[in-house]
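Visitor: I would like to go through this model with you, one question at a time. Please take me through it with the definitions stated as they come up.

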Amino acid sequence: MTAAVKFSGVSRHFGDVRAVDSVDLDIAEGEFFAMLGPSGSGKTTCLRLIAGFERPTAGTIEVFGQNMGDVPPYKRAVNTVFQDYALFPHLNVIDNVAYGLMIAGQSKSARHKTANEALEMVALGGYGQRKPSELSGGQRQRVALARAIINKPKVLLLDEPLGALDLKLREQMQEELKDLQKKLGITFVFVTHDQGEALSMADRVAVFNEGGIAQIATPRELYLHPQTPFVADFVGSSNVLPASFVQTIVGITHPASLRPEAIQITAQGHAGVVRSVNFLGSATRLSVQLDAATVTVLCPLSDTAPNVGETIHLSWDGADMHVMEGVDV
Amino acid sequence: MSDTFLGRVSDTLWRNPSLLIAALLAPPVAWLGIIYLGSLFALLAQSFFSIDEFSGLINYEFTFKTYGELFKAYNLDIIVRTVTMALAVTIGAAVIGFPVAYFAARYARGPWKALFYLGVMLPLWSSYLVKVYSWKLILAKEGILNWLFETLHLSWLLNAYLSLPIVGGNSLSVSTTGTFLVFLYVWLPFMILPIQASLERVPHSMLEASGDLGATPAQAFRTVLLPLAFPGIIAGSIFTFSLTLGDYIIPQIVGSSRRFIGQAVYQYQGTAGNIPLAAAFAVVPILIMSLYLWWAKRKGAFDAL
């Protein structure tokens, strides 16, 4: 089966800035694929390369086997949900949603009928006559979504679509996006800097760092077995134990990742001093200074949290410590 | 502190914000209300008087007779000529100004932006008369344009154009085309700047979204960019249209002997001493602009303001 999107050695340089640097990528048809990374890591540029707003400096991009090298955005079977939604302020909601069909030359009645169905799908039936400026952020987001799916794209690109929403709305939209993707069966490529969002929604996640891909894996794999210290830190805020410390425990000189919730406070084990205590609600986060490293520990709500300055002992199951053998000291 | 006089004034103003607003607005409202609108109404009133054809004295009785004068063929001719010129200048300025404004809003950064503003504004720094006379030199029979056409062996083309009725003439400097070119030059900045300001407010993602949804660049221009820039074009056109309607110096210096509204006003109130007819002529641009603004509002040009 041909990949929905395939990057082969794709680079995009802006002068000296290597926004995207020789990226290889395969996104399968029907997949919910997340591109995760801090700002400036190249994830948005990758999305814009698929949409055709940027052209690669080197390498090739294929969408369903077709080379996109000389294909302008308006001839690509991909649609985008923009970060700022980019709704047309001079058109009302129904004409915004029907825009793609209008361009395709459909009659007004036909395109309004389809647009109304799309609005129903995003739970905005009856909002057609409003102007985008009269909608809330969450509603605009849905209009942008309806507008992007009306052309029945083969790939839907979403550029931090939930970034501007408040927490509760964001969680609700995450669910709805997942449902929508299942219903439509379209390949979703989703850009986000929120690791929680990526892990909870995506089938697979590509973690971007400095223009390249640090790791591509399922959320579970990514969380349990990060391959680089960057991934360990960025995804799930794992502790990265230095190679020298790992050497004293398992005898291998590589850094290792250790999730905060895998560490227990015990009567015996690695001794350390509590440097800070932060109550998070569901747990208490401790920062503990060991001899060789500072680690973050999540202490469950049921346990009594120690005080700052107290000396405690930590231990963990060897299986939870993931040695990053691909990474040198 | 609050015991001093100024302190008590400050306290009073703080407690009664409307007093402060009233104090701030009084001078400009007085200016607008009395001097500006007052003279406008004085003008309006004049247009309802008439002139006694034998004595040349003004007859201070209410009449529509003077407005009737406007509809005589030679006066109507002046009005039609002026409105046509104002329309042509406005359309010409929009067509030339849009790409300049688009470049400035989308691509010009740093020193290029400064260069743009300098280039657009620089002509405004020199005297209006100097500019118009310079154009007379450029357009004259011995001028640089004629020389250019001769050097390129294209004089026949220029002559063929000048032999056309209405737009032609003995040379460009005494043709209606010459008047048009100078109007276009002088008012162009007033078209570019509002369009640039309106394009500046159009996020680039609008055009990307349009292309993303299948619109070719031409379709994106027609369905997204132009409607969003429309308020700017209307704002610019209000300047170019009304400035052209009222100007009497440019057609005097560059152009044929056929008169424009401004010249008619100038002559009727001056040498002819026919203040009522001059006033009636002056009301024409006001009426036309009111109609134009009403039309623009209906078209939604001010919705985005």
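Visitor: Which residues of strand 3 of chain A point one way, and which the other way?
Guide: This is a predicted model, in which local features need pLDDT of at least 70 and side-chain atom pairs count only at pLDDT 80 or more, while totals for chains, interfaces and linings use all residues. Residues are numbered from 1 along each chain as its sequence is written, chains are lettered from A and ligands numbered from 1 in written order, and side-chain values use heavy atoms, without hydrogens and water. In a regular strand the side chains alternate between the two faces of the sheet. In strand 3 of chain A (strands being DSSP E runs of at least two residues, helices H or I runs of at least four, numbered from the N terminus), all five are buried (under 20% relative accessible area with a 1.4 Å probe, protein chains only; exposed is over 50%, partly exposed in between), and one way point Phe32(A), Ala34(A) and Leu36(A), the other way Phe33(A) and Met35(A).

Visitor: In strand 8 of chain A, which residue is the bridge partner of Phe32(A)?
Guide: Strands pair if DSSP finds at least two bridges between them, and strand 3 of chain A pairs with strand 8 (residues 187–192) of chain A in the parallel sense over five bridges. Within strand 8 of chain A, the partner of Phe32(A) is Phe188(A).

Visitor: Which residue of chain B forms a salt bridge with Arg48(A)?
Guide: The rule (a side-chain nitrogen of Lys or Arg within 4 Å of a carboxyl oxygen of Asp or Glu) finds one salt bridge across the interface of chain A and chain B. With the closest N and O atoms 2.6 Å apart, the partner of Arg48(A) is Glu208(B).
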